[in-house]
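Please find below a short note on the structure, set out as numbered points. The points may be read alongside the sequence and the model.

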Amino acid sequence: MQIKDVVENSERLILAAGVQSADDVRRCAKPLIRYSAERRKLNIELRRYLYKNLYFNRVVNEPHIRAKRLLRDLFHLYLKHPNQIGEQARRQTRKAGLHRAVCDYIAGMTDRYAILEHQRIFGKT
């Protein structure tokens, strides 16, 4: 429904503007590719609902908060103790710097490995 709306609405706007070239499009005061007013209103309503009930919901967001804390803890520990990261990552520090090497090292971890590594270093959380 959203795709159909944006395509049909944009087609109407393009025809109404009488554009014949890319330069004509650039001269338009408003974008020609956009949702209809009705769909835009519905999308705003949906966005409000999702932010309130999903994205910022404590129950749903709690695992994300824990994951951020876990990654932050590992990042700061590895910055202080770069000998804790793998040999390949340590070699990368010469070229890319310590912060980049630590980021790449953590990014290469699976979720399970990061959790186990955090538990090994910091204990159960």
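1. E62 is classed as partly exposed in this predicted model, because its relative accessibility is 30% and the partly exposed class lies between the limits of under 20% for buried and over 50% for exposed. R66 falls in the partly exposed class as well, since its relative accessible area is 42%. A salt bridge links E62 with R66, and their closest N and O atoms are 4.0 Å apart. Both residues belong to helix α4, where they are four residues apart, about one turn of the helix.

2. Helix α6 holds another such pair: D104 and R100 are four residues apart, about one turn of the helix. Their side chains form a salt bridge, with an N to O distance of 3.2 Å. D104 is partly exposed, given its relative accessible area of 32%, and R100 is partly exposed at 44% relative accessibility.

3. In helix α7 (residues 111-122), R120 and E117 are three residues apart, about one turn of the helix. A salt bridge joins their side chains at 2.9 Å, N to O. Is each partner buried or exposed? R120 is exposed, because its relative accessible area is 54%, whereas E117 counts as buried because its relative accessibility is 6%. Across the whole structure, the search finds seven salt bridges.

4. D5, in helix α1 (residues 2-17), deserves separate attention. This residue is buried yet has no salt bridge. The nearest side chain of opposite charge belongs to R39 and is 4.9 Å away, so the pair does not count as a salt bridge, for which the limit is within 4 Å. Leaving aside residues up to four places away in sequence, D5 touches Y35, S36 and R39.

5. The largest nonpolar core has 13 residues, of which L74, Y78, I85, V102, Y105, I106 and M109 touch the most other members. Two elements, α4 and α6 (98-107), give two or more residues to this core. The most comes from α4, with six residues. M109 also touches residues including A114 and E117, when residues up to four places away in sequence are not counted; E117 is the buried partner described in point 3.

6. Which residues make the nonpolar surface patch? Y51, L54, Y55, F56, V59 and V60 form this patch of about 600 Å². Helices α3 (37-55) and α4 (58-80) each supply at least two of its residues, and α3 provides the largest share, three residues. Y55 lies in helix α3 and is partly exposed, since its relative accessible area is 40%.

Note on methods:
Residues numbered from 1 in each chain as written. Predicted model: local features only at pLDDT ≥ 70, side-chain atom pairs only at ≥ 80, totals over all residues. Heavy atoms only, no water. Patch = residues over 30% accessible without salt bridge, like charges linked within 9 Å, V, L, I, M, F, W, Y side chains within 5 Å. Areas by Shrake-Rupley, 256 points an atom, 1.4 Å probe, with all protein chains shown as cover. Buried < 20%, exposed > 50% of the residue type's maximum accessible area, 1.4 Å probe, protein only. Lys, Arg positive; Asp, Glu negative; His and termini not counted. Contact = heavy atoms within 4.5 Å. Core = buried A, V, L, I, M, F, W, Y, C linked by side-chain atoms within 4.5 Å.
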